[in-house]
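Visitor: I'd love a close look at one single part of this structure, with its surroundings. Could you walk me through it in one go?

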Amino acid sequence: MPACPELMTPAAVEQWIRDGCIVVPGVVDHDTCAAINDRAVAMVRDIASGEGTNGYFHKNGSFTVPEENFTVGAGDRPEDRTSKLYNLHRHHPFNDVAIASAITSVVAGVLGPAVDCFNSQFIFKNPGAWGQPWHQDSLYFNFDCYPQVGVWVATSRATEDNGCLFVAPGTHTEPLHNHVPDRRPGANLGYLEIVDHDFSSAVPVCMDPGDVLVFHSFLMHRSGDNTSDSRRTALVFHYGQPGTIGGESGTIDWMPARRA
Ligand SMILES: O=C(O)CCC(=O)C(=O)O
């Protein structure tokens, strides 16, 4: 049950309880999506000129993770070979979205009136890039309380051809499942997958730029391969309750996002 259902519409409350995720259309305007994409590319180029090896580069607290494998040839620019760019939520223009009330009010409906953003990523799903296998985000968090809430902001169109997310509605009520290393040889480092669940009722989440998926950190989800010839991009934030303890890592940085 959401902590503050009065902050949500009755339909959103019902959907959250049943599915563990809600799509909120048209939250971020198209100019902001374009500015986010441009800034992410500029940051990746800048970070790639700094310290690092094999696509793992870091600068000023942000860092990049490389795409390990492509189904087709990839370009040579840093942004063509990057999978994820981490630690953005304190930087413009990402910060404006992280604290936007259209997003944090839904998150507050779920978690309570005060929420912190503790993780941010920009995901480059370049042409040919493989998807991320079925997983629950809570596996990657080691906190003293649950749930956390993920917010996936489409900054390009997300379609079945270019690697949109797929969710298994209702799986947020499952416990945390065992995850095994991604079985595809050459998959991105750190990808883990659930292999003990029937995903036949999973659905694609096709989105337009600026649409937002809000999802429970136990919800099982994956993304598809990008079989198109253009990049699919997304900005992802994770939120939790202020005062949450544990889980210290290089991708966790607690920042107030909304106060009662
Ligand atoms: O955007 C993607 O391709 C995968 C994102 C995802 O599954 C996640 O951030 O947990």
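Guide: What follows is a tour of one strand, its partners and a few other places.

First, some housekeeping. This is a predicted model, in which local features need pLDDT of at least 70, side-chain atom pairs count only at pLDDT 80 or more, and totals for chains, interfaces and linings use all residues. Residues are numbered from 1 along each chain as its sequence is written.

Our part is strand β12, residues 212-216. Strands (E, at least two residues) and helices (H or I, at least four) are DSSP runs, numbered from the N terminus. Five of the five residues of β12 are buried, so the strand is largely enclosed by the rest of the structure. Here buried means that 20 or more other C-beta atoms lie within 10 Å of a residue's own, exposed means 12 or fewer, and partly exposed is in between, with C-beta atoms placed from the backbone. In a regular strand the side chains alternate between the two faces of the sheet. In β12, V212, V214 and H216 point one way, while L213 and F215 point the other way.

Now for the partners; two strands pair if DSSP finds at least two bridges between them. Strand β1 (residues 21-24) pairs with β12 in the antiparallel sense over four bridges, and V24 stands opposite V212. β7 is also an antiparallel partner of β12, over five bridges, with W152 standing opposite L213.

From β7 (149-154) we can step into the loop that leads to β8 (165-167), where R157 is found. R157 counts as partly exposed because it has 17 C-beta neighbours inside 10 Å. Leaving aside residues up to four places away in sequence, R157 touches D208 and P209; contact means that the two C-beta atoms, placed from the backbone, lie within 7 Å. R157 and D208 are 51 residues apart in sequence, yet their C-alpha atoms are 4.5 Å apart in space.

For a helix to set beside our strand, take α5 (residues 101-111): eight of its eleven residues are buried, so α5 too is largely enclosed by the rest of the structure. Among the buried residues of α5 are I103, V106, V107 and V110. An α-helix has 3.6 residues a turn, so residues three or four places apart point the same way. After α5 comes G112, whose phi is positive, near 125°.

So, back to your request: β12 is the strand with five of five residues buried, paired with β1 and with β7.
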